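User: Could you take a close look at one part of this model for me? I'd like to hear about the largest pocket and what lines it.
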Amino acid sequence: MTASGAKSAVEWLASVAPDPDACRWEWERNPLGVALLPAGRRWDVLILPGGLGHGALDVLSRLVGRPGPVLADFGDARMGFFVPPGTAARWLGTGVRGAGHGTWIVVPYPGRATGGVRWLVPPDGSGTLTDPALLELAMHEAAAHIAHDGGNRGKEG
């Protein structure tokens, strides 16, 4: 990520904070390199189990090249896809959690390594988000792939 790309990503993310200047100040000085930001203003986050999330990200990357921002937690147990505001309130997927209006998420500083949460697809500052319909299709394809691979384990040879 370029310095100008990181700066515009920081501006875009911090714009949702109650006090963007204080958010940027804390972000710069926090040794963990993370900030707590409210969801539901410019984006919601759909949180998928890691295996399904990685599969869905692979499918999305083939479909659109570069999806919206995607986070992974420590150990990749969960992945968060940034989607348009209001998506979390309407989402009806089993095993998928939503962070929307009234919730907060831990967000790492774009372009910096942190010890826990990290960007798999960092924001580019333009406001690009993942289309929920495409994410749903990607999840179905990933789930089918997981089911197919799981059903064939131990049957080789």
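Analyst: Here's a walk through the pocket, followed by a look at one strand that helps line it. This is a predicted model, where local features need pLDDT of at least 70, side-chain atom pairs count only at pLDDT 80 or more, and totals for chains, interfaces and linings use all residues. Residues are numbered from 1 along each chain as its sequence is written, and side-chain values use heavy atoms, with hydrogens and water left out.

The largest pocket holds about 220 Å³ of space. (A pocket is an open set of points on a 1 Å grid over the protein atoms alone, where a 1.4 Å probe fits, with protein on both sides within 12 Å along at least five of seven lines; lining residues have an atom within 4 Å of a point.) Its lining splits into eight nonpolar residues, one polar and three charged, with Gly counted as polar. Among the lining residues are Val 45, Ile 47, Asp 73, Arg 78, Gly 80 and Arg 97. Strand 2, strand 3 (70-72), strand 4 (78-83) and strand 6 (104-108) each give two or more residues, and strand 4 has the largest share, with three. (Strands are DSSP E runs of at least two residues, numbered from the N terminus.)

Now for strand 2 (residues 44-49), which also holds Asp 44. Asp 44 is buried (under 20% relative accessible area, 1.4 Å probe, protein chains only). Still, Asp 44 has no salt bridge (a side-chain nitrogen of Lys or Arg within 4 Å of a carboxyl oxygen of Asp or Glu): the nearest side chain of opposite charge, Arg 90, is 6.7 Å away. What the Asp 44 side chain does reach is backbone: the nitrogen of Gly 86 at 2.9 Å, and that of Ala 88, also 2.9 Å from one of its polar atoms.

Notes. Helix = DSSP H or I, 4+ residues; strand = E, 2+ residues; numbered from the N terminus. Buried < 20%, exposed > 50% of the residue type's maximum accessible area, 1.4 Å probe, protein only. Lys, Arg positive; Asp, Glu negative; His and termini not counted. Polar contact = N/O pair within 3.5 Å; in protein donor to acceptor, adjacent residues only side chain to side chain. Points joined across faces, edges and corners; volume = space filled by probe spheres on them.
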